[in-house]
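Welcome to this short briefing. Take a moment to look over the structure below, and then we will walk through it topic by topic.

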Amino acid sequence: MLIRPFLANQSFDPDVIEEMSAALENVCKALGLSLVDDPATQLIARKIVALAQRGVRDATALSASVLEDLKSD
């Protein structure tokens, strides 16, 4: 599952979208989640998009930031 459905008319370079998609896959895998459109995956995708909007564009950094954020929630 790509992150595209969660971009809500926001523009990102194709390379950034690829990194964001990889981050979504990484986080879901780390949490044992399936890549399906459910509330947990949507939450993760929203967090990735928000980080990318703030300039975090690397899949590893996006994944680590989201996992850290989820631990603190």
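Helices α2 and α3 are oblique to each other, because their axes cross at roughly 125 degrees and an angle between 115 and 145 degrees falls in the oblique class. Please keep in mind as you read that this is a predicted model. The points below start with this helix pair, move on to the other two pairs, and finish with a few single residues.

**Helices α2 and α3**

- The axes of α2 and α3 come within 10 Å of each other, and their crossing is right-handed.
- On the α2 side, the residues that meet α3 are L43, I44, K47, I48, L51 and A52.
- On the α3 side, their partners are L62, S65, V66, D69 and L70.
- Sorted by class, this contact between α2 and α3 has 8 nonpolar residues, 1 polar residue and 2 charged ones.

**The salt bridge**

- How many salt bridges does the structure hold? There is 1.
- The salt bridge joins the side chains of D69 and K47, with 2.3 Å from N to O.
- D69 belongs to helix α3, which covers residues 59–72, while K47 belongs to helix α2, which covers residues 39–53, so the pair ties together parts that are 22 residues apart in sequence.
- Is D69 buried or partly exposed? D69 is partly exposed, with a relative accessible area of 30%.
- K47, on the other hand, has a relative accessible area of 17% and is buried, because buried means under 20%.

**More about K47**

- Which residues does K47 touch, once neighbours within four places in sequence are left aside? They are V66, D69, L70 and D73.
- K47 can also be compared with a residue far back along the chain: K47 and L7 are 40 residues apart in sequence, and their C-alpha atoms are 11 Å apart in space.

**Helices α1 and α2**

- Helix α1 spans residues 14–31, and its axis comes within 10 Å of the axis of α2.
- The two axes cross at roughly 140 degrees, so α1 and α2 are oblique to each other.
- This crossing of α1 and α2 is right-handed.
- From α1, the residues M20, A23, L24, V27, C28 and L31 take part in the contact, and from α2 they are met by T41, I44, A45, I48, V49 and A52.
- By class, the contact of α1 with α2 has 11 nonpolar residues, 1 polar residue and no charged ones.

**Helices α1 and α3**

- The axes of α1 and α3 are 8 Å apart, and the two helices pack at an angle of about 40 degrees.
- That angle makes α1 oblique to α3, since only angles under 35 degrees count as roughly parallel.
- The crossing of α1 with α3 is right-handed.
- Here α1 contributes E19, M20, A22, A23, N26, V27, A30 and L31, and α3 contributes A59, L62, S63, V66, L67 and L70.
- The class count for the contact of α1 with α3 is 11 nonpolar, 2 polar and 1 charged.

**Two buried residues in α1**

- S21 lies in helix α1 and counts as buried, at 4% relative accessibility.
- Beyond its neighbours within four places in sequence, S21 is in contact with L2 and I3.
- C28 is also found in helix α1. Its relative accessibility is 1%, so C28 counts as buried.
- Not counting residues up to four places away in sequence, C28 touches L33, L35, T41 and I44.
- One of those partners, I44, is 16 residues from C28 in sequence, and the two C-alpha atoms are 8.0 Å apart.

**A partly exposed residue in α2**

- L43 has its place in helix α2.
- At 34% relative accessibility, L43 counts as partly exposed, because that class runs from 20% to 50%.
- How far is L43 from F12, C-alpha to C-alpha? The separation is 19 Å, for residues that are 31 apart along the chain.
- L43 is also one of the α2 residues that meet α3.

Note on methods: Residues are numbered from 1 along each chain as its sequence is written. This is a predicted model: local features need pLDDT of at least 70, side-chain atom pairs count only at pLDDT 80 or more; totals for chains, interfaces and linings use all residues. Side-chain values use heavy atoms; hydrogens and water are left out. A salt bridge is a side-chain nitrogen of Lys or Arg within 4 Å of a carboxyl oxygen of Asp or Glu. Helices (H or I, at least four residues) and strands (E, at least two) are DSSP runs, numbered from the N terminus. Buried means under 20% relative accessible area, exposed over 50%, partly exposed in between (1.4 Å probe, protein chains only). Axes are lines fitted to C-alpha atoms, for helices over the stretch in contact, and angles run from 0 to 180 degrees between N-to-C directions. Angles under 35 degrees count as roughly parallel, over 145 as roughly antiparallel, 65 to 115 as roughly perpendicular and the rest as oblique. A crossing is left-handed if the near helix is turned anticlockwise from the far one by less than a right angle, and right-handed if clockwise. Contact means heavy atoms within 4.5 Å. Ala, Val, Leu, Ile, Met, Phe, Trp, Tyr, Cys and Pro count as nonpolar, Asp, Glu, Lys and Arg as charged, and the others, Gly among them, as polar.
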